[in-house]
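Welcome! Take a moment to turn the structure around before reading on, and then follow the strands with this short report.

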Amino acid sequence: MYAIVEIAGQQFKVAKDQKVYVNRLAGEEGDKVSFDKVLLTADGDNVTVGAPAIDGALVGAKINRHLKGDKVIVFKKKRRKGYRVKNGHRQALTEILIEGIDLKGGKKATSAKKEEPKKEESKKESKSDKKSDDLSQHTVVELREMAKEKGVEGYSSMKKAELIAALS
């Protein structure tokens with residue numbers, strides 16, 4: 001079983017008993033933390049996708065240690081000018097151990113069979129809504145050609161929204 005979790009603004013694919021290095025988290029070594037922004041979980045063929053996150057899903061973790069990453073050297077030089085600048089950077093990281101992935105009431109990913117009834121509901125929409133939706137999917141060039149065929153004046157200087165309004 002694995003999950004895709006957003007931790008400190010970054011997405012990580014995690015599994016139970018996995019060590020993950022993330023940007024520095026607030027907390028002491030040995031503290032337990034939980035992440036509720038679980039975007040996806042998978043257990044074999046059973047995939048649960050959130051929209052955007054799965055409600056009630058948690059990933060529990062324990063902070064092992066705080067450390068610094070490898071040194072990154074930034075060297076700037078402009079030739080023939082005598083300009084040289086050397087900087088170094090070490091990112092502050094936290095090593096966490098994933099203790100468990102907990103799903104409570106997550107919604108399963110929809111299959112193609114479940115999407116068919118939604119299409120029937122969309123057929124009930126008024127014709128004008130469908131027509132404007134269809135027009136918005138066309139490119140500006142196609143809309144201009146349609147306006148030309150329909151006999152709309154000044155179509156060459158119209159923007160997309162104006163063309164859709166004129167053709168509706």
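This is a predicted model. A good place to begin is strand β4, residues 32-35, which pairs with strand β7, residues 58-78, in the antiparallel sense over 4 bridges. Within this pairing, Lys32 sits opposite Lys62 of β7.

Strand β7 has another partner in β8, residues 83-102, and these two are also antiparallel, with 18 bridges. Here His66 of β7 faces Thr94 in β8. The two strands make a hairpin with 4 residues between them, and Arg80 in the turn has a positive phi of about 60°.

The table puts the two pairings side by side.

| Strands | Sense | Bridges | Opposite residues |
|---|---|---|---|
| β4 and β7 | antiparallel | 4 bridges | Lys32 and Lys62 |
| β7 and β8 | antiparallel | 18 bridges | His66 and Thr94 |

Now for the inside. The largest nonpolar core has 18 residues, of which Ile7, Val14, Val59 and Ile96 touch the most other members. Strands β1, β2, β3, β7 and β8 each supply at least two residues of this core. Beyond its neighbours within four places in sequence, Ile7 contacts Phe12, Val22, Leu25, Phe35 and Ile96. Another core lies apart from this one; it has 8 residues, including Leu135, Val152, Leu163 and Leu167.

Stepping back, the protein has 4 helices and 8 strands, in the order β-β-β-β-β-β-β-β-α-α-α-α along the sequence. Of its 168 residues, 23% count as buried. The protein exposes about 12,400 Å², with 48% of that supplied by carbon and sulfur atoms.

Technical notes: Residues numbered from 1 in each chain as written. Predicted model: local features only at pLDDT ≥ 70, side-chain atom pairs only at ≥ 80, totals over all residues. Heavy atoms only, no water. Pairing = 2+ DSSP bridges. Core = buried A, V, L, I, M, F, W, Y, C linked by side-chain atoms within 4.5 Å. Buried < 20%, exposed > 50% of the residue type's maximum accessible area, 1.4 Å probe, protein only. Contact = heavy atoms within 4.5 Å. Areas by Shrake-Rupley, 256 points an atom, 1.4 Å probe, with all protein chains shown as cover.
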